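Q: Please take a close look at one part of this structure and describe it for someone who has not seen it before.

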Amino acid sequence: MNATDCSALHDDPLCFQPTAFPFYYTPKAHLVEGVPDFVLTLAAPVVAYWALSIFFHLLDISGWQWLEKYRLHDSPEVQSRNKVSRTEVVWAVILQQVIQTVVGLIGLSNEAALAVNHADELRRLARSIEPLASALLGDRIRPYLLAQVADFVYWWGIPVLQFFGAMFIIDTWQYFLHRLMHVNKFLYKHLHSWHHRLYVPYAFGALYNHPLEGLLLDSLGALIAELATCMSTRQAMLLFAFSTFKTVDDHCGYNLPWDPLQLMTGNNADYHDIHHQIIGIKSNFSQPFFVHWDTLLGTRMTRQDIALRRQKNTKTQ
């Protein structure tokens, strides 16, 4: 493809219009007027955490009888089996979120001064993908079709790959570190046992951890995923908010058939609840998105597995 002089040719399809954006993008300097995106990115997971936690807490205290069939545990069981008060949980979560914010201040970049010329980036991408596109779609791919392919890859393909790549990195980081904290007695006793004081999880206890574990497992893992996938500040905002929603939902204490976060994958509140029980404490280490590591490495446990194990134990007695 010859270099296109877009200063002279405005009708060439490879002269991408600087105002042609997908619906999800805004060229505004700040998503919220007067508030830098960098600040919103730090605030997003905190707001997401308490917003969804309050929603589930309202369900907990609603007294609605129709919800009872969706509860994983009875309300009295939450009070009697957990080893830490709700007040202690709230203060520990606030401390972790303070640490999380400090890590973000250090590790995240402020892109306010960076102005990306998307038209130039699209032309550069079109030139780089032309050989592959020509091989797949024909030796002489038309400029209009090449422009369409480049536009799709730039605005949809690359961001989706970045997002799923970040999810995979977070899952991988958390699975192996989480499993290590169960295998290593010192780490379990001094760090991870904090989280398992909540034998019966509830939403705003999702980030009840030892501060050092919270730093290593959650904050550092998310930051590594964001940096490794070269996300923009706004992409990081979405990733951090979404992963927080998912983590809270995984501890909500309800098996809700209409909850989109629980329908997304098999790694949901019911799946993680098994891990919090004595019978499953050496299983279901995957969090927060998918269960592939548990499946591949033989640490997955389902309700059916529990029923079969109890049935075998009954027969041997």
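A: Two residues are in contact when heavy atoms of theirs lie within 4.5 Å. With that in mind, the part chosen here is helix α4, residues 118-137, in a predicted model.

First, the setting. The protein chain has twelve helices and zero strands. Of its 317 residues, 45% count as buried. Among contacts between residues at least 6 apart in sequence, 71% join residues at least 24 apart. The accessible surface of the chain is about 17,200 Å², and carbon and sulfur atoms account for 65% of that surface.

Now the helix. At the start of α4, asparagine 117 places a side-chain oxygen within 3.2 Å of the backbone nitrogen of alanine 119. From there α4 runs for 20 residues, yet its end C-alpha atoms are only 25 Å apart. A straight helix would reach 28 Å at 1.5 Å a residue. The helix also has a kink of about 50°, located at isoleucine 129. Proline 131 follows shortly after that kink.

Isoleucine 129 is also one of the buried residues of α4. Buried here means under 20% relative accessible area. The others in this group are His118, Ala119, Leu122, Arg123, Leu125, Ala126, Glu130, Ala133 and Ser134. An α-helix has 3.6 residues a turn, so residues three or four places apart point the same way. The cover over the buried residues of α4 includes α5, residues 143-183.

Note on methods
Residues are numbered from 1 along each chain as its sequence is written. This is a predicted model: local features need pLDDT of at least 70, side-chain atom pairs count only at pLDDT 80 or more; totals for chains, interfaces and linings use all residues. Side-chain values use heavy atoms; hydrogens and water are left out. Helices (H or I, at least four residues) and strands (E, at least two) are DSSP runs, numbered from the N terminus. The expected span of a helix is 1.5 Å times one less than its number of residues. The bend at a residue is the angle between axes fitted to the seven residues ending there and the seven starting there. Buried means under 20% relative accessible area, exposed over 50%, partly exposed in between (1.4 Å probe, protein chains only). A polar contact is a pair of N or O atoms within 3.5 Å; within protein, one must be able to donate a hydrogen and the other to accept it, and residues adjacent in sequence count only if both atoms are side-chain atoms. Accessible areas come from the Shrake-Rupley method with a 1.4 Å probe; for residues, only the protein chains shown count as cover.
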